[in-house]
Amino acid sequence: MGHRLEDAVKAHRITTLCVVRSGETVVAVGPQDMPMPISSIRKSMISALFGRLIASGDVQLTMTLADFGIDDCPCLTDQERTATLEHLLTACSGVYLPLHSEFYDIFRNTPSDWPHRGSAAPGTKFHYSNWDFNVLGEIYQRVSGRALFTAIDGILARPLGFRDWNPLEHTGLRYGYDPLGATPRYPNYAIHLSARDLARFGQLYLNDGIWDGSEIVPSDWVRVSTQTRVETGLPGPFRSYGYLWWTTDGGDATALPPGSSSAVGLGGQTVSVIPSHQMVIVAQREDRAGGFTQMALPTGIIDSVLQR
């Protein structure tokens, strides 16, 4: 590891860094086999599962919350019930149920105002809300008839050969309110994964959904889900979003090369897929104390790795 990369890892308190280029690990910093909380990286894994359901015709992007029988307390309004699966996958549902704590903008690292209920029709405004993401887990289970963690184990973890994964130890359902819009009705699907197992998930997307000759995620879905579907209004490098993937279209000095996509979790847990360099970068932070919530993969890491 060069001095520049070593300095960047220390400066940004990176616990684990794994870089895979053309299928070979070229950087391995920290314990590669230690499962750690992946936070919202799980959302991109949920996207992968939905890609299979959509390809099989079991569900359509135009189906609504009403079609799925989704409600909450307080009850959803008629307008909110028109939110579609596509709106949920792009965080544009327009469902802003009352918070029970202060809203915290994790992308600007500051307290902020929660949108007024009914202030945006479904599909008209991006707002990163755990309500949307948690409901997607419930919808997947209703449509597929399969528990979400069971699906992740059978569809992703086992075929990809995850080496440090135990679904009984490394999963958990968390019910309750949170500062990002979650309600007790639909849980947060908490997952722990190691850097080297996350790298395999990233490599799957670099391989257009193919692993050992088998199509794990439909290649068409890999392409459309990692292309920009909405502009977010957030600061770089979070200006564009696909179907539960952050996308990069160019023109942002803080971002990855154009055509890249990232799964990102609180505190800087990242899996970045960079087709232009045939590369996957995984970064994890174990210590997220003291309000250290930098979400993006640091540019010092990006620059050092891409120049290798």
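Trainee: Which residues in H6 meet residues in H7, and which residues in H7 do they meet?

Mentor: From H6 come Gly137, Tyr140 and Gln141, and they meet Leu148, Ala151 and Ile155 in H7, where contact means heavy atoms within 4.5 Å. Before going on, note that this is a predicted model, in which local features need pLDDT of at least 70, side-chain atom pairs count only at pLDDT 80 or more, and totals for chains, interfaces and linings use all residues. Residues are numbered from 1 along each chain as its sequence is written, and side-chain values use heavy atoms, with hydrogens and water left out.

Trainee: How do the residues of the contact of H6 with H7 divide into nonpolar, polar and charged?

Mentor: Four are nonpolar, two are polar and none is charged. The nonpolar class holds Ala, Val, Leu, Ile, Met, Phe, Trp, Tyr, Cys and Pro, the charged class Asp, Glu, Lys and Arg, and the polar class the others, Gly among them.

Trainee: What makes H6 roughly perpendicular to H7?

Mentor: The axes of H6 (residues 130-144) and H7 (residues 148-160) cross at roughly 75 degrees and come within 9 Å. An angle counts as roughly parallel under 35 degrees, roughly antiparallel over 145, roughly perpendicular from 65 to 115, and oblique for the rest, so the crossing makes H6 roughly perpendicular to H7. The axes themselves are lines fitted to C-alpha atoms, for helices over the stretch in contact, and the angles run from 0 to 180 degrees between N-to-C directions.

Trainee: Why are H2 and H7 also called roughly perpendicular to each other?

Mentor: Helix H2 (residues 41-56) packs against H7 at an angle of about 75 degrees, with the two axes 11 Å apart, and H2 and H7 are therefore roughly perpendicular. On the H2 side Met45, Ile46, Ala48, Leu49 and Arg52 take part, and they meet Leu148, Ala151, Ile152, Ile155 and Leu156 in H7. By class, this contact of H2 with H7 has nine nonpolar, no polar and one charged residues.

Trainee: How many helices and strands are in the chain?

Mentor: The chain has 10 helices and 15 strands; helices (H or I, at least four residues) and strands (E, at least two) are DSSP runs numbered from the N terminus.

Trainee: How do you know that the radius of gyration of the chain agrees with that of a compact globule?

Mentor: The rule for a globule is 2.2 Å times the number of residues to the power 0.38, with the radius taken over C-alpha atoms. For 308 residues this gives a value near 19 Å, and the chain has 18 Å, which agrees. Along its principal axes, the C-alpha trace spans about 55 × 45 × 40 Å. Among contacts with a separation of 6 or more, 63% are between residues 24 or more positions apart.

Trainee: What makes Asp105 count as buried?

Mentor: Buried means a relative accessible area under 20%, exposed means over 50%, and partly exposed lies in between, with a 1.4 Å probe and protein chains only. Asp105 has 7%, so Asp105 is buried. Asp105 sits in strand E4 (residues 104-105) and touches Thr110 and Ser112, leaving out residues up to four places away in sequence. Over the chain, 55% of the 308 residues count as buried.

Trainee: Why is Ala263 called buried?

Mentor: Ala263 has a relative accessibility of 0%, so Ala263 counts as buried. Ala263 belongs to strand E13 (residues 261-265), and, residues up to four places away in sequence aside, touches Ile41, Ser44, Trp245, Gln269, Thr270 and Val271. Gly202 is 61 residues from Ala263 in sequence, yet their C-alpha atoms are 8.8 Å apart.

Trainee: Is Pro218 buried or exposed, and how do you know?

Mentor: At 14% relative accessibility, Pro218 counts as buried. Pro218 is placed in the loop between strand E9 (214-215) and helix H9 (219-225), and beyond its neighbours within four places in sequence is in contact with Gly51, Arg52 and Ala55.

Trainee: What makes Arg13 partly exposed?

Mentor: The relative accessible area of Arg13 is 33%, so Arg13 is partly exposed. Arg13 is in the loop between helix H1 (3-11) and strand E1 (16-21), and its phi is near 55 degrees, a positive value in a residue other than glycine.
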